[in-house]
Amino acid sequence: MKKSIVVGVNDSGSSEAAVEWAMKRAARLKSPVVLVHAVDDRWSSEAPEFHNLLSKAGHALVARAQARALELEPGVHVEAMMMWGSPGYVLKRQSKRAEMMVVGSGSSWPRGPVTDRALQVAAAAACPVAVIAGAKDDGGAAAASGTGVLVGVDGSEESVQAVAFAAAEADRMGQELTVLHVFGAATRWVERGIPESDLAKFIAEEEELIMGETVAGLADKYPDLVVHRVLDSQHEPAVALVAAAQHAALLVLGSRGAGGFKRLMLGSTAHAVLTEVPCPTIITRLTKVKLSK
């Protein structure tokens, strides 16, 4: 049985954008969709009438979401469910049986458009997570605008797999792929500290080799895919990625990079990008490859 695209839904504009994005993807891939609304009942145990009110409102919300989803793509099989528990915990559990998890970026005060829920899901999910911003008047970028697929790389195993994921997406979507590798901080330090040194040039050459190794094999697997390779030695990774993705159809990142601590489920670059969400952004998970005996 084919895995579902699971969408976390609430009553926000970015949630509506997430449903729209997920339904388009599901129609393209012929995947079923499960809409999930989590109701946190931790504060309602002492007030049964409040619990009943939450239940009624939650069921009404998922019914509306399901009706709208079917209007968007009538040919897609859509299930809708309300579940009790914190959104992060509920969606994490659902991700174990999902092809992809899709959530809206939401809105939060006072800083940034991304909610704690989106960050929690992106950090803890067992499958790739797409974070979708709503329309510009809802505090984010438009969910359906832009062209091209952008993927950030740094030579880590996570980013190599992110490139593979992004290439498959770009080929499927008929889009060009841009592979962006940012290594600015070290180069700027070298240029300031040792202006006559060739070390900065050596670093750039080494990073070019990393880029080549990261994209190796794409031409053979996707002969019609146009791949652009971009090296950036002037900016920090998150800044460069957000700027480059402003007009992209999709941004793909690994959950952690080469400099990430293994105990952290979400790297600093991915975390920083999700506080901006320049376009539909997918955080991939590292998949262990089984070696044949």
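Let's start with helix α1 (helices are DSSP runs of H or I, at least four residues, and strands are E runs of at least two, numbered from the N terminus). In this predicted model, its buried residues are S14, S15, A17, A18, V19, W21, A22, M23, R25, A26 and L29; buried means under 20% relative accessible area with a 1.4 Å probe, protein chains only, while exposed is over 50% and partly exposed lies in between. An α-helix has 3.6 residues a turn, so residues three or four places apart point the same way. Right after α1 comes K30, with a positive phi near 60°.

Here are the values for α1:

| α1 feature | Value |
|---|---|
| Number of residues | 17 residues |
| First C-alpha to last | 25 Å |
| Expected at 1.5 Å a residue (times one less than the number of residues) | 24 Å |

Now for the cores. A nonpolar core is a set of buried Ala, Val, Leu, Ile, Met, Phe, Trp, Tyr and Cys residues joined through side-chain atoms within 4.5 Å. The largest one has 43 residues, and V7, V33, L35, V102, V151 and L177 touch the most other members. Helix α1 (residues 13-29) gives this core its largest share, seven residues. Apart from it sits another core of 35 residues, including L119 and L274.

V102 is in contact (heavy atoms within 4.5 Å) with A18, W21 and A22, among others more than four places away in sequence.

Residues are numbered from 1 along each chain as its sequence is written. Local features need pLDDT of at least 70, side-chain atom pairs count only at pLDDT 80 or more, totals for chains, interfaces and linings use all residues, and side-chain values use heavy atoms, without hydrogens and water.
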